[in-house]
Every structure is written in structure tokens, then in C-alpha cells.
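Please find below my notes on the model, arranged as numbered points. They take up exposure, aromatic pairs, salt bridges, the nonpolar core and backbone angles in turn.

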Amino acid sequence: MTINSRQKGKRGENELVRKLKEYGYNTRRSVQYNGKAEEGQADVVGLPHIHAEVKRVERRNIYDAIDQAKRDSWNKAELPAGFHRKNNCEWLVTMPLENWISLYRAYRTRMEETEE
């Protein structure tokens with residue numbers, strides 16, 4: 001990975017951390033505390049049960065990012081998620097359908113309980 005790519009990745013991770021903090025989550029880059037990324041470590045930590053891979057690029061094969069998140073989260077009881085954004089666009093989150101269904105079912109159950 002070139003220095004420019006590394007710097008862009010760092011900027012993207014910091015940008016996402018700031019955005020998540022706006023929503024009230026105490027997130028941080030995983031490498032900011034230990035100085036280097038450990039094998040299998042999420043790019044951003046502080047979202048319990050979510051393994052966050054962050055990609056801040058114009059062209060990205062999102063399947064590669066999800067495959068990486070799945071590989072790195074398989075034994076940690078974390079849902080793999082790819083957070084990605086390109087220039088002049090909003091942040092998006094991509095995850096495998098079965099994980100999204102789990103989240104949606106929990107959300108729907110909660111909404112139905114509050115309607116009663």
C-alpha cells in the first residue's frame with residue numbers, strides 16, 4: 001500500500017469516526033491507540049457487535065471489502081459491515097443480507113412493541 005493510499009485510508013477512517021460521533025457513538029480508529037493495525041482488526045471500533053471495514057475510494061469492489069470483514073469477524077460474534085464513501089457522496093453501509101435481516105427483525109420487533 002502506498003503512503004498516499006494509507007493517508008487517504010486514515011482520513012476516511014477519521015471522517016467516519018467524526019460522523020459516528022455526531023450520532024452519539026464513542027468510536028475511534030483501531031490503529032490510533034496501538035500505532036499499527038493488527039491482523040483481523042476492524043478499521044473503526046466502538047460500534048458493539050459490528051466489524052467495520054472502511055473504504056474511502058472512488059472505485060471499490062465492495063465484495064472485496066465484505067469478504068475482508070467476514071474473514072476478520074467470523075469468530076468474534078460481530079456483524080461484518082463495509083462503510084464506504086466516494087467524493088461528493090454520502091456514507092453508505094453494505095452488509096450481507098442475512099445480517100441485515102437480523103437487524104431489521106430486531107428493529108421491527110421493537111417498533112411493534114412501541115405501537116402496542
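A residue is called buried when its relative accessible area is under 20%, exposed when that value is over 50%, and partly exposed in between. The model discussed here is a predicted one.

1. With those cut-offs, Y107 counts as partly exposed because its relative accessibility is 43%. W100, with a relative accessible area of 42%, is likewise partly exposed, and Y104, at 37%, counts as partly exposed too.

2. How are these aromatic side chains arranged with respect to one another? The structure holds two aromatic pairs. In one of them, the ring centres of W100 and Y104 lie 5.2 Å apart and the ring planes meet at 5°, so the pair is classed as stacked. W100 and Y104 are four residues apart in helix 4, which spans residues 97–115, and this spacing amounts to about one helical turn. In the other pair, the centres of the Y104 and Y107 rings are 6.4 Å apart with the planes at 35°, so this pair is tilted. Y104 and Y107 also belong to helix 4, where a spacing of three residues again separates them by about one helical turn.

3. The ring pairs link W100, Y104 and Y107 into a cluster. The surface view adds to this picture, since W100, Y104 and Y107 together with L97 make a nonpolar surface patch of about 450 Å².

4. Turning to charged side chains, a search of the whole structure finds six salt bridges, and three of them are described here. R29 pairs with E13, the closest N and O atoms being 2.7 Å apart. R29 lies in strand 1 (residues 28–29) and E13 in helix 1 (residues 3–22), so this salt bridge ties together parts that are 16 residues apart in sequence. Both partners deserve a check of their surroundings: R29 counts as buried at 11% relative accessibility, and E13 counts as buried at 10%.

5. The salt bridge between E15 and R85 has its closest N and O atoms 2.6 Å apart. E15 is in helix 1, whereas R85 is in the loop between strand 4 (79–84) and strand 5 (92–94), so the pair ties together parts that are 70 residues apart in sequence. R85 is buried, its relative accessible area being 14%.

6. A salt bridge within a single helix is formed by K19 and E22, whose closest N and O atoms are 3.5 Å apart. Both residues lie in helix 1, three residues apart, which is about one turn of the helix. What is the exposure of each partner? K19 counts as partly exposed at 35% relative accessibility, while E22 counts as exposed at 61%. Elsewhere, salt bridges that share partners join E15, R56 and R85 into one network.

7. Which residues make up the largest nonpolar core? The core has 12 residues in all, namely L16, V17, L20, V44, L47, I50, A52, V54, A81, F83, W91 and M95. Helix 1, strand 3 (50–55) and strand 4 are the elements that give two or more residues to this core. As background, nonpolar side chains tend to be buried together in soluble globular proteins.

8. One member of the core, V44, can be followed through its contacts. Leaving aside residues up to four places away in sequence, V44 touches E13, L16, V17, L20, T27, R28, S30, A52 and V54. E13, one of these contacts, is also the salt-bridge partner of R29.

9. Finally, two backbone positions may merit a look. A77 has a positive phi of about 55° although it is not a glycine, and its place is in the loop between helix 3 (62–73) and strand 4. At 64% relative accessibility, A77 counts as exposed. N88, which is not a glycine either, has a positive phi of about 60° and lies in the loop between strand 4 and strand 5. N88 counts as exposed, with a relative accessibility of 80%.

Notes
Residues are numbered from 1 along each chain as its sequence is written. Side-chain values use heavy atoms; hydrogens and water are left out. A salt bridge is a side-chain nitrogen of Lys or Arg within 4 Å of a carboxyl oxygen of Asp or Glu. Buried means under 20% relative accessible area, exposed over 50%, partly exposed in between (1.4 Å probe, protein chains only). A nonpolar core is a set of buried Ala, Val, Leu, Ile, Met, Phe, Trp, Tyr and Cys residues joined through side-chain atoms within 4.5 Å. Contact means heavy atoms within 4.5 Å. Rings of Phe, Tyr and Trp (its six-membered ring) pair if their centres lie within 6.5 Å; planes under 30 degrees apart count as stacked, over 60 as edge-to-face and the rest as tilted. Patches are made of residues with over 30% relative accessible area and no salt bridge: like charges are joined within 9 Å, nonpolar side chains (Val, Leu, Ile, Met, Phe, Trp, Tyr) within 5 Å. Accessible areas come from the Shrake-Rupley method with a 1.4 Å probe; for residues, only the protein chains shown count as cover.
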